[in-house]
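Reader: I would like a close look at one part of this model. Please keep it brisk and give the cut-offs.

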Amino acid sequence: MENRITPLEYKEFTAATKERRIEWFRDARFGMFIHYGLFSSHGLGEWAQVWENIKISDYEKLASDFCPREGCTDEWCRLAKDMGAKYAVLTTKHHEGFCLFDSQFTDYKSTNTAYGKDIVREFVDAFRAEGLKIGFYYSLLDWRFPGYFEPKKFPESKEALVERIHNQVRELMTNYGEISVLEYDGGWMADLSGTKEERVDFWKARELNAMVRELQPGI
């Protein structure tokens, strides 16, 4: 992740295939966005950990009881088909840091819960079987890393967060076949400061996207 990509290099990297890559998206017109996470089965909003001032240690305890209804991804798929959706996007990890996939870079994931399964895998298999294109949402920030909030005070935590992001996005782009959409969230700075280039540098965003496009050239 140390080799930096310049804005010009990144622009040239993406420009040649842009129209081809987004043609299907324009034609599809309608898709389903599935907002789901650890918060869902406990009746909490995705920002509850912050808005309700829940201690991280207390919030993480929710994972032990996390157990979605069996076949829920099939239900989502039937609903998407009935609506006429052409693609679907699932929140693979929200700001809480809990992964719906079997990441090798955290223990905070659906496969370590009462459910014990890779929900992203179930989602992909169900929707792909019905001919829908697959999309992933992934939050860059993670409230459990103090280096996100105070990167100068906790530089090692900040670097650990960015390294985990790159590793987990690589997993998502490698382990689930063709992925048509990747939607990032949480790319702002904790204090809402910083220029665009400072944010790009913080997340090593060009390197991240170059890796994604290498693994999924049609995304």
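Reader: Which residues form a nonpolar patch on the surface?

Author: This is a predicted model, with local features needing pLDDT of at least 70 and side-chain atom pairs pLDDT 80 or more, while totals for chains, interfaces and linings use all residues. Residues are numbered from 1 along each chain as its sequence is written, and side-chain values use heavy atoms, without hydrogens or water.

The patch is formed by F30, L79 and M83. Together they have about 270 Å² of accessible area (Shrake-Rupley, 1.4 Å probe, only the protein chains shown as cover). Patch members have over 30% relative accessible area and no salt bridge, and nonpolar side chains (Val, Leu, Ile, Met, Phe, Trp, Tyr) are joined within 5 Å, like charges within 9 Å. A salt bridge puts a Lys or Arg side-chain nitrogen within 4 Å of an Asp or Glu carboxyl oxygen.

Take L79. It sits in helix α5, residues 72-83 (a DSSP run of H or I, at least four residues; strands are E, at least two; numbering starts at the N terminus). L79 counts as partly exposed because its relative accessibility is 47% (buried is under 20%, exposed over 50%).

Now the pockets. The largest has a volume of about 350 Å³. Among its 14 lining residues, R21, I22, L182, R213 and I219 are closest to the centre. A pocket is an open set of 1 Å grid points where a 1.4 Å probe fits, with protein on both sides within 12 Å along at least five of seven lines, and lining residues have an atom within 4 Å of a point. Helix α2 gives the largest share of this lining, five residues.

Notes
Buried means under 20% relative accessible area, exposed over 50%, partly exposed in between (1.4 Å probe, protein chains only). Grid points are joined across faces, edges and corners, and a volume is the space filled by probe spheres set on the points.
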